[in-house]
Amino acid sequence: MKGTIALAALLAAADQALKAMIRTQPQGAVLFSVPPILEITHRANTGAAFSLLSGNPLLVTLLSAVLLAALCAVMLRLLCPTQTARIALAFVIGGGAGNLIDRLAFGEVTDYIRLLPVRFPVFNFADMCITGGALLLMLLALTGRLEGQPAIPAETHRPKKTENGHE
């Protein structure tokens, strides 16, 4: 699990580094554009996904914290998650932590990726981590690959001693 936590922390740190660069520019400014694909633009979002509950940032922050804590608890309850499941969990937790840090520090989430060919909300690296990790977890759950086989303890392989102490 240490690797999962380390990866989640790395992803949250990368998210925060990207957002720190974006926040140096005024909101609404386009920093970079690759027409007709995407542009990098500074936007703020006080709501959750798709700006849901944007009028209530405290509620969104509390919900985010509770969901992140619940996900961590689920991670700890999985007896033997597969390596792929641990990576997927790290992406969801890292992305969730990145956005939660924004909510706690600034009262809003810094978004910056805008897809030009489609009408879609502006999003960020943390959102991509959450979405990708969640999709992978759902795929693993649907295919029965969320948990691996538990390791068999070494003592179960030893021959049992008889009453007189012989094997």
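Here are some questions and answers about the predicted model shown above.

Q: What kind of model is this, and from which number are residues counted along each chain?
A: This is a predicted model, in which local features need pLDDT of at least 70 and side-chain atom pairs count only at pLDDT 80 or more, while totals for chains, interfaces and linings use all residues. Side-chain values use heavy atoms, with hydrogens and water left out, and along each chain, as its sequence is written, residues are numbered from 1.

Q: What pattern do the helices and strands follow along the sequence?
A: Let's start with the terms: helices (H or I, at least four residues) and strands (E, at least two) are DSSP runs, numbered from the N terminus. The protein has 4 helices and 3 strands. Read along the sequence, they give the pattern α-β-β-α-α-β-α.

Q: In what order do the strands of the open sheet stand?
A: Two strands pair if DSSP finds at least two bridges between them. Here 4 bridges join β1 to β2, and 6 bridges join β2 (residues 38-45) to β3. The pairing is antiparallel, and the order in the open sheet is β1-β2-β3.

Q: Which strands stand at the edges of the sheet, and why is one side of each left without a neighbour?
A: The sheet has the order β1-β2-β3. An edge strand here has a single partner strand, so one side is left without a neighbour in the sheet. The two strands placed like this are β1 (30-34) and β3 (109-115).

Q: Which residue stands opposite Asp 111 of β3?
A: Strands β2 and β3 run antiparallel, and we can look at residues that face each other across them. One example is Asn 45, opposite Val 109 in β3. For Asp 111, the residue opposite is Arg 43.

Q: What angle does helix α1 make with β3?
A: Helix α1 (residues 2-22) packs on the sheet and touches β1, β2 and β3, where contact means heavy atoms within 4.5 Å. Directions come from axes, which are lines fitted to C-alpha atoms (for helices over the stretch in contact), with angles from 0 to 180 degrees between N-to-C directions. For α1 and β3, the angle is about 85°.

Q: Which two residues does the cis peptide bond join?
A: Look at the hairpin that joins β1 to β2 through 3 residues. Pro 36 has its place in the loop between these two strands. The cis bond has an omega of about -5° and joins Pro 35 and Pro 36.

Q: Why are α1 and α4 roughly parallel or roughly antiparallel to each other?
A: The axes of α1 and helix α4 (residues 125-142) come within 9 Å and cross at roughly 150°. Angles under 35 degrees count as roughly parallel, over 145 as roughly antiparallel, 65 to 115 as roughly perpendicular and the rest as oblique. The two helices are therefore roughly antiparallel.

Q: Which helix gives the most to the largest nonpolar core?
A: A nonpolar core is a set of buried Ala, Val, Leu, Ile, Met, Phe, Trp, Tyr and Cys residues joined through side-chain atoms within 4.5 Å. Buried means under 20% relative accessible area, exposed over 50%, and partly exposed in between (1.4 Å probe, protein chains only). The largest core has 10 residues in all, including Ala 8, Leu 68, Val 92 and Leu 137. With 6 residues, the helix that gives the most is α3.

Q: Is Phe 123 buried or exposed?
A: Phe 123 is included in a second, separate core of 5 residues, along with Ile 22, Ile 40 and Tyr 112. Its relative accessibility is 13%, so Phe 123 counts as buried.

Q: What kind of aromatic pair do Phe 120 and Phe 123 form?
A: Rings of Phe, Tyr and Trp (its six-membered ring) pair if their centres lie within 6.5 Å; planes under 30 degrees apart count as stacked, over 60 as edge-to-face and the rest as tilted. Here the ring centres are 6.0 Å apart and the planes stand at 80°, so the pair is edge-to-face.

Q: Is Asp 102 buried or exposed?
A: Asp 102 is found in helix α3. Leaving aside neighbours within four places in sequence, Asp 102 is in contact with residues including Gln 16, Lys 19, Arg 23 and Thr 110. Its relative accessibility is 0%, so Asp 102 counts as buried.
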